[in-house]
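Dear colleague,

I am handing over the structure that we spoke of, and would be glad if you could look through it with the notes below beside you.

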Amino acid sequence: MSKENEGNHDVMNTIHKMRNQFQKSQEQHEKNHEALKNNNELLIKFYTDKSKLDTWLALDEAIPFCVGSSKESWPTVKKQYDFWANDVRTQIKASAGISLKILNPEAKERLWRVKPTDFVDWLINKELCPNEHLKTTFHITKQQKAKEIISNHGNAERFAQQREQILAAALSALANFPDQCKSQGKVNGAAIAKVMEQKSQLWFGNDELPLSTRGIANLINKSLKMKDD
């Protein structure tokens, strides 16, 4: 066999191997998607994981994610969803900035980003939601986020009340026990916190201190460092 023929043979082998690898890759993508689509537990986990992302690319991520496909598998499995995907693409472009909130409307269409919950809500309103599992998963996600917001708000309010209690007690301690609130001749948080701990009934009755003495000292020291600019 001549060198030229050997070279052509090597090229053909390489092309054949690449074609086989591509075909196997496509088959694997299809197999993975079918396994996900036909297993409710796996599909819900997929949706839950994707819902935790801050944003989705409206055209290249949101569409495949909503039918349980990764970006990598989408070129292979999208033929199953051609009609739906084309409809969604058309609606995205028509609804952008109107009923569908785009986070970066100044960008090119392929770079448009949306919040996952906004996009799924929009799909539902447009009656384009591909399955009930997507709707249910995102409904639960929204409920959980709402509970977190309420919880965080409650924690912030509780800390504000504790801070107010502590600083009011610290001011009273300074006014009534000025010498005991000093260390080496200077007022400091640790000394005030110690007074508050020793005489806690004066300000807190039989209740425990709102914070540890260390926490109280740190809070008072921060307040003492405040300056009127």
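What follows is an account of what was found, from the chain as a whole down to single residues.

Please keep in mind throughout that this is a predicted model. The protein chain holds ten helices and four strands, and read from the N terminus the elements follow the order α-α-β-α-α-α-β-α-α-β-β-α-α-α. Of the 229 residues in the protein chain, 29% are buried, and the chain exposes about 15600 Å², of which carbon and sulfur atoms supply 50%. If one takes the contacts between residues at least 6 apart in sequence, 57% of them join residues at least 24 apart.

The part of the model that I looked at with most care is helix α6, which spans residues 116-125. Its buried residues are P116, T117, F119, V120, W122 and L123. Helix α5, residues 82-95, packs with α6 at an angle of about 110°, and the two axes are 12 Å apart. Since angles of 65 to 115 degrees count as roughly perpendicular, α5 is roughly perpendicular to α6. On the α5 side the contact is made by W84, V88, Q91, I92 and S95, and on the α6 side by F119, W122 and L123. Sorted by kind, the residues of this contact comprise six nonpolar and two polar ones, with no charged residue.

Within that contact, W122 of helix α6 deserves a closer look. W122 counts as buried because its relative accessible area is 3%, where the limit for a buried residue is under 20%. Leaving aside residues up to four places away in sequence, W122 touches V88, Q91, I92, S95, S99 and L100. As for I92, it lies 30 residues from W122 along the chain, while the C-alpha atoms of the two are separated by 9.4 Å.

The aromatic residues come next, and seven aromatic pairs were counted in the model. In one of them, the rings of W74 and Y81 have centres 6.0 Å apart and planes at 20°, so this pair is stacked; both W74 and Y81 are buried. Another pair is formed by F119 and W122, and this one is tilted, with 5.5 Å from centre to centre and 40° between the planes. F119 and W122 both belong to helix α6, where they are three residues apart, about one turn of the helix. An α-helix has 3.6 residues a turn, so residues three or four places apart point the same way. Both F119 and W122 are buried, and they also belong to one aromatic cluster, which is formed by F46, Y47, W56, F65, F119, W122 and F138.

Two further buried residues are worth listing with their surroundings. Which residues does C66 of helix α3 touch? With residues up to four places away in sequence left out, they are Y47, W56, W84, F119, V120, L123, P130, N131 and L134. C66 counts as buried because its relative accessibility is 0%, and its C-alpha atom is 9.5 Å from that of F119, although the two are 53 residues apart in sequence. The other residue is E61, which is found in the loop between β1 (56-57) and α3 (62-66). E61 is buried, with a relative accessible area of 12%, and it touches T55, W56, K71 and R113, again not counting residues up to four places away in sequence.

Finally, there are two backbone details that you may wish to view on the model. E127 has a positive phi of about 60° although it is not a glycine, and this residue sits just after α6, in the loop that leads from α6 to α7 (132-176). Is E127 buried or exposed? At a relative accessible area of 74%, E127 is exposed. Q184 is likewise not a glycine and has a positive phi, of about 55°; its place is the loop between β3 (182-183) and β4 (186-187). Q184 too is exposed, with a relative accessible area of 83%.

With kind regards

Technical notes. Residues numbered from 1 in each chain as written. Predicted model: local features only at pLDDT ≥ 70, side-chain atom pairs only at ≥ 80, totals over all residues. Heavy atoms only, no water. Helix = DSSP H or I, 4+ residues; strand = E, 2+ residues; numbered from the N terminus. Buried < 20%, exposed > 50% of the residue type's maximum accessible area, 1.4 Å probe, protein only. Contact = heavy atoms within 4.5 Å. Areas by Shrake-Rupley, 256 points an atom, 1.4 Å probe, with all protein chains shown as cover. Axes fitted to C-alpha atoms, helices over the stretch in contact; angles between N-to-C directions. Parallel < 35°, antiparallel > 145°, perpendicular 65-115°, else oblique. Nonpolar A, V, L, I, M, F, W, Y, C, P; charged D, E, K, R; others polar. Phe/Tyr/Trp six-rings, centres within 6.5 Å; stacked < 30°, edge-to-face > 60°.
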